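Please examine the structure shown below together with its sequence. The paragraphs after it lead through selected parts of the fold.

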Amino acid sequence: MTHYPTPSDFEAQTNATYEALMWALSRPGRARGLPQAGQAGIILTLIDRECAIYTDSEELRAVAASTGAHPVAAECADHLFLTSVPNVAFLRQLRQGSDMYPEEGATLVLPASFKGNTRLRLTGPGVDGEITINLDAPPVIWTARKQIMRYPMGFEIFLVDGDQVIGLPRTTEIEVL
């Protein structure tokens, strides 16, 4: 008989969060439930002492510090946790990796409302044909994203609305409607 260790509550929660994030990235535009609302659970799941992070939130900075992560300037960060949608100049400074190492692009985690007035059409890998979503992020951000990123380089985006997350990988084409 094989015995497996029973995961702690923390392990179970971070495993469920990780599964939700990977599900969201593999199905761009579709919301997936997180075990807890907000970005703190995502930090506890993705971040460890080898990560360089940037956040504009004192609360999230304290959560990140508990992981041993290194706080850095936005342009040096592996992961960015913001309290609002950034402007275009901010997006232009994010790490995008290179043709040889696209995985060195940043991961951006933002709050969002999935019932906003900006309509977006998503196409690309993981999307069956196309999907339309509504967000509260200004249209200029999505236009700028398209201009900034050149495949395979770019950055991933997680949008968090309460306990729901939508993933937008760099491979997703986003058209403002």
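The account that follows moves from one helix to the nonpolar cores, then to a strand and its partners, and finally to two sites elsewhere in the chain. The model is a predicted one.

Helix 5, which spans residues 139-148, is a convenient place to begin. Which of its residues are buried? They are Ile141, Trp142, Ala144, Arg145 and Ile148. These residues lie on the same side of helix 5, because the arc they cover around the axis is only 165°. In general, an α-helix has 3.6 residues a turn, so residues three or four places apart point the same way. The face turned away from the buried side of helix 5 carries Lys146 and Gln147, both exposed. The cover over the buried residues of helix 5 includes helix 4 (88-92) along with strand 6 (118-123), strand 7 (131-135), strand 8 (156-161), strand 9 (164-168) and strand 10 (173-176).

The largest nonpolar core has 31 residues, of which Leu80, Leu108, Trp142, Phe155, Ile157, Leu159 and Leu168 touch the most other members. Two or more residues are given to this core by each of helix 4, strand 5 (107-111), strand 6, strand 7, helix 5, strand 8 and strand 9. Helix 5 supplies the largest share, four residues. A second core, of 20 residues, lies apart from this one and has Ile43, Ile47, Ala64 and Val109 among its members. Leu108, in turn, touches Leu80, Leu82, Leu91, Leu94, Glu156, Ile157 and Phe158, when residues up to four places away in sequence are not counted. In soluble globular proteins, nonpolar side chains tend to be buried together.

Strand 6 also has two faces: Thr118, Leu120 and Leu122 form the covered one, and Arg119, Arg121 and Thr123 the uncovered one. Strand 6 runs antiparallel to strand 7, to which five bridges join it. Opposite Thr118 stands Leu135 of strand 7. Strand 6 is also joined to strand 10 by four bridges, again in an antiparallel arrangement. Here Thr123 has Glu173 of strand 10 as its bridge partner.

Two further sites complete the description. Pro7 is located in the segment before helix 1 (9-26), and its relative accessible area of 45% makes Pro7 partly exposed. Between the C-alpha atoms of Pro7 and Leu177, which are 170 residues apart along the chain, the separation is 45 Å. Ala65 belongs to helix 3, residues 58-67. With a relative accessible area of 52%, Ala65 is exposed. The C-alpha atoms of Ala65 and Pro125 are separated by 35 Å, with these positions 60 residues apart along the chain counted as their distance apart.

Key. Residues are numbered from 1 along each chain as its sequence is written. This is a predicted model: local features need pLDDT of at least 70, side-chain atom pairs count only at pLDDT 80 or more; totals for chains, interfaces and linings use all residues. Side-chain values use heavy atoms; hydrogens and water are left out. Buried means under 20% relative accessible area, exposed over 50%, partly exposed in between (1.4 Å probe, protein chains only). The arc is that of the directions from the helix axis to the C-beta atoms. Contact means heavy atoms within 4.5 Å. A nonpolar core is a set of buried Ala, Val, Leu, Ile, Met, Phe, Trp, Tyr and Cys residues joined through side-chain atoms within 4.5 Å. Two strands pair if DSSP finds at least two bridges between them.
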